[in-house]
Structures are given as structure tokens and as C-alpha cells.
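Let's take a walk through this one together, chain by chain. Keep the viewer open and follow along.

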Amino acid sequence: MSGLIKSSLARKFVMALSGLFLVIFLVLHVTINLASVISPDFFNEASHFMGYNPIVQFLMQPILIAGVIVHFVMGFVLEIQNKKARGIAYVKYKGSANAPWVSRNMIYSGLVILAFLGLHFYDFWVHEMTYKYVEALPQDPTRYYHETVEKFAPFWRTALYVVSFVLLALHLWHGFASSFQTMGVNNKYSKGITIFTKLFSVVVPLAFAFIAIYHYLNPITH
Amino acid sequence: MKLYLKIWRQKDANSKGAMVDYTLNGVESDMSFLEMLDVLNEELISKGEEPVEFDHDCREGICGTCSLMINGRPHGPDSMITVCQLHMRSFNDGDEIVIEPWRATAFPVIKDLITDRSAFDRIQQAGGYISVNTSGRPVDANAIPIEKDKADESFNAATCIGCGACVAACKNASAMLFTSAKVSQFALLPQGRVEAAERVQNMVRQMDLEGFGNCTNTGACEVECPKGISLENIARMNREYLSATLKG
């Protein structure tokens, strides 16, 4: 086992597993968010459950945050090693001749997503923590829909979210199927995995973008 | 044809290199790329200048010795060939051609376009073989039945000539296509299964020690490999490694 922890392949496994875990989280996230467009009442109910259920708050949330941290930290560690592996750069290097742009620029799409997560955590997670633990305000199961829609009132925030979702799509386009290759899956199912990856990486970010734009265009009028 | 060459010149491993411009006339389209460099070197020698050092041996695409980054691609613009199989008909009169050595920390430049690829030898020595412990009753390898698809996959992996184009092409200078081909060619055969777990662990450990980068599955290595070694080998190596390490 000690070899597994230190080796380059182990780091690849960690990237793949944490990436797949975050993909599963995205499915849950986009499903609940879509409720904010279809049924504000259900969205409030689901958000309240997620916000106050002890298993979600004290088990699943820390695991999720750990998954995000591990994925990003390992991404940086690998990137630094990869840069070291080519100490002197080519004068002419035609990367586009043999590999797609998305696969060669995962670090940049990842950095944009990291920056977005900073904003996203500030918008929602910090707000929730302040509401519950700093100001210690009473539970209000009806506040979530209004708070969410109001967040998308400024154009700049909606635009930043949409741009981030485009980068998320690019990141998933390569990363999702790539994690299966890393886990050793390259067989008759790989074509199906690649097709599913492409559908997933378009549909999920598109759904997120649609939700943001929908709330921007349909503000709550008091 | 007339060519404008930009070639990496470096006196020795400890010197700092630089790109040097050469104009070469009278290049014929039927010449191989290496013959074109021979012509350049004859010109340089006749002028009393130091010829350009480059690796070459069989000149028929099987030894894996020639190793040039040509206009940003290992072995040049054509696919499934080595530099010695590349011909000047792939270029046009007046073209500028940038020629560099493989770039990887694990492949240090020895002189001009020659790199030290002994890191590959050390990976191979770490486990890329089958121990033959002879006894009084050796079993004839031909007497062991092997499924045709397994034998074909193993043979395909074994066609790797260890040229290093995978490392040169990879944006991370990763050696995983090479290492996985060497792991696979044995892992697929019954004779190789005996030492499979130990082999994959030792070869990956050596690969890491040599300072190669990590695979990010861009697929550049597969595209640039002159022997068409498949990414399936990397997936197989990952499976083998995971299974070997978890079993302890």
C-alpha cells in the first residue's frame, strides 16, 4: 500500500475518484436547482432539508468540501510535477496536432472553476453559515427561493456564473471519460462512456446556466 | 528545393544550447529527412564547421534510435513513421523547418539533437523481462495455448521500439505509453503472469524515479507513436498496478 500512496498512478487514481465523486454531486446539485424553476415550494423544502439535516450538514458536507480540496490540491501537485518533467520548453510545439484543446488545458478550466467556487461559496455557503451560526437566526423554511433569485439580480453575477459553467462544460468534456481511463476502464464500454461524457458535459452546465439566466430574467417583484 | 532550417545546437550536456539558422539548397524530394541532414553535414564539414549530431541507426523504422522534434511534432508531420522513414516530399520548396531534440528532464541533451534515453533502459531493467529459471524440464513456449486476441494484443504492445516519441509529444513528458506497452506485452501472456504484480510495481516505481510527468489522458502519445501503441495499454497498466498494490 505504501507504494500506492507515493506513486504517480496513485495520484492519478485520487484525481479520477475525487472527480467522479464531484460529478455525482453535480447531478444532485443541478436536480435541486432545477426545482427553483419548476416549483419554488419544493425548492424551499429540499433546500431546508439540506440545510438542517445533520447527516447532510455534518457528514456529507465535510466529505464534499474534502473532495473539492483533494481534487484541486492534487491537480496543482500534478501540474507542478508535469512542468518539472519538461525543464526546457520546445521552441516549436504543435500540441493541437495530436490532442484536443480541452485535454491540454484542464489546469486553466480548473482554475476558472476554482475562482468560481470562491464566489459561489461566498454567495451561498458563507451566507448560510452566517445565517445559522453567526447571527443564529431562527429556521425559516420559506427563505431559500427568494434568496436564490435575488442573488441573480445583478447582471455581472449571472454573467460570471454562465462563463464559469462554460468552463465547467469544457472541464467535464475531457475529465469525465478520462477518469474511467485512469481507473483502467478501456474496453467495449468506452465508446458509450465517451458519448455519455459529451452529453453530460453539455446538459448539466447548460441546465445550471439556464437556471441562472431564468432567475436573472424573472426577478421577484415586491 | 531550398529549405530554411532552424536547428538546436548544443556543444555538450553542460553547455547552453541555442537555435542556429541554416539555408540548404539542392534538397531532393526523394531524400529521406536524415539524408537531408547528411547533406547539410557534408556542407558544414567542407566549410570546416562542426556537423549537426543526431541519433540514427537502422534507417528503416525498427530500431527506435532516430528522435527529432520536427516543426513541433515528434518524427515530423506524417503519422506512424519514424524520422528515418520521413521523406522530403512531405515538405515544400522554401519551407522553414524547426528541428529540436526530445525535450524531457528525464532525457537530457548530450549534444545537439542527441538525448540520453537510458531512462527507458532502466525502466525496462526494473521488470520488463521474464525470468527464465531453467530446470531439467523446460516447457516449450509453443506448447502453451494462448488465445489469439491476447497474443495479438501482446504482440502489438511488443512492437514499441522505445524511441521516446510518446514522451516527446506529451505535454507532461510522461512515459506511461512506453511503460504500459512493456508491462502489457508480458501481462497478457501466461509466461508473464507469474511476475506481473511485481513487474508493474517495479517499472512504475522506476518510471517515477526517472522524473517523467504524469499522464493526463490527452492521447497525444498514441497519435504520435510510430508503431501505433494504443492507450488501452495505459488503462491495462493502471488496472495491473491498482490490483497488484491493493493485493499487497
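**Two chains, piece by piece**

Chain B is divided into domain 1 (3-111) and domain 2 (118-247). Keep in mind as you look around that this is a predicted model. The C-alpha centres of these two domains of chain B lie 29 Å apart. They do meet: 18 residues of domain 1 of chain B are in contact with 16 residues of domain 2 of chain B. If you sort the domain 1 side of that contact by class, you get 10 nonpolar, 6 polar and 2 charged residues.

Now for the strands of chain B. Five of them, in the order S2-S1-S5-S3-S4, make an open sheet with mixed pairing. At its edges sit S2 and strand S4 (73-74) of chain B, each of which pairs on one side only. As a reminder, strands in a sheet pair through backbone hydrogen bonds, and the sense can be parallel or antiparallel. Strand S1 (residues 3-9) of chain B and S2(B) go for the antiparallel option, over 7 bridges. To see one of these pairings up close, pick Tyr4(B), whose bridge partner in S2(B) is Thr23(B). How many of the 7 residues of strand S2 (residues 18-24) of chain B are buried? The count is 0, so to speak a bare strand: S2(B) is hardly covered.

Next, jump to helix H2 (residues 118-125) of chain B, where Ala119(B), Phe120(B) and Ile123(B) are buried. These three are on the same side of H2(B), because they cover an arc of only 100° around the axis. And what do the buried residues of H2(B) pack against? Their partners are helix H5 (176-187) and helix H7 (196-209) of chain B.

H5(B) turns up again when you look at the largest nonpolar core, which has 74 residues. Within this core, Cys166(B), Val167(B) and Leu177(B) touch the most other members. H5(B) supplies the largest share of the core, 7 residues. The core also draws on both parts of chain B, with at least three residues from each of domain 1 (3-111) and domain 2 (118-247). For a local view, centre on Val167(B): leaving aside residues up to four places away in sequence, it touches Trp102(B), Ala104(B), Phe107(B), Ala173(B), Ser174(B), Ala175(B) and Phe212(B). Apart from this core lies another, of 18 residues, and its members include Ile113(A), Phe152(A), Tyr161(A) and Leu167(A).

That brings us to chain A. Here you'll find 9 helices and 0 strands. Along its principal axes, the C-alpha trace of chain A spans about 60 × 40 × 40 Å. Of the 222 residues in chain A, 26% are buried. What about sequence separation? Among contacts in chain A between residues at least 6 apart in sequence, 87% join residues at least 24 apart.

Finally, look at where the chains meet: 37 residues of chain A are in contact with 39 residues of chain B. On the chain A side, the elements that give two or more residues are helix H1 (2-6), helix H2 (8-38), helix H4 (54-84), helix H5 (101-104) and helix H8 (155-182) of chain A. Which element gives the most to this side? That would be H2(A), with 5 residues. By class, the chain A residues that touch chain B split into 16 nonpolar, 14 polar and 7 charged.

Technical notes:
Residues numbered from 1 in each chain as written. Chains lettered and ligands numbered in written order. Predicted model: local features only at pLDDT ≥ 70, side-chain atom pairs only at ≥ 80, totals over all residues. Contact = placed C-beta atoms within 7 Å. Helix = DSSP H or I, 4+ residues; strand = E, 2+ residues; numbered from the N terminus. Nonpolar A, V, L, I, M, F, W, Y, C, P; charged D, E, K, R; others polar. Buried ≥ 20, exposed ≤ 12 C-beta atoms within 10 Å, placed from the backbone. Domains from an automatic or database assignment. Pairing = 2+ DSSP bridges. Arc of directions from axis to C-beta. Core = buried A, V, L, I, M, F, W, Y, C linked by C-beta atoms within 7 Å.
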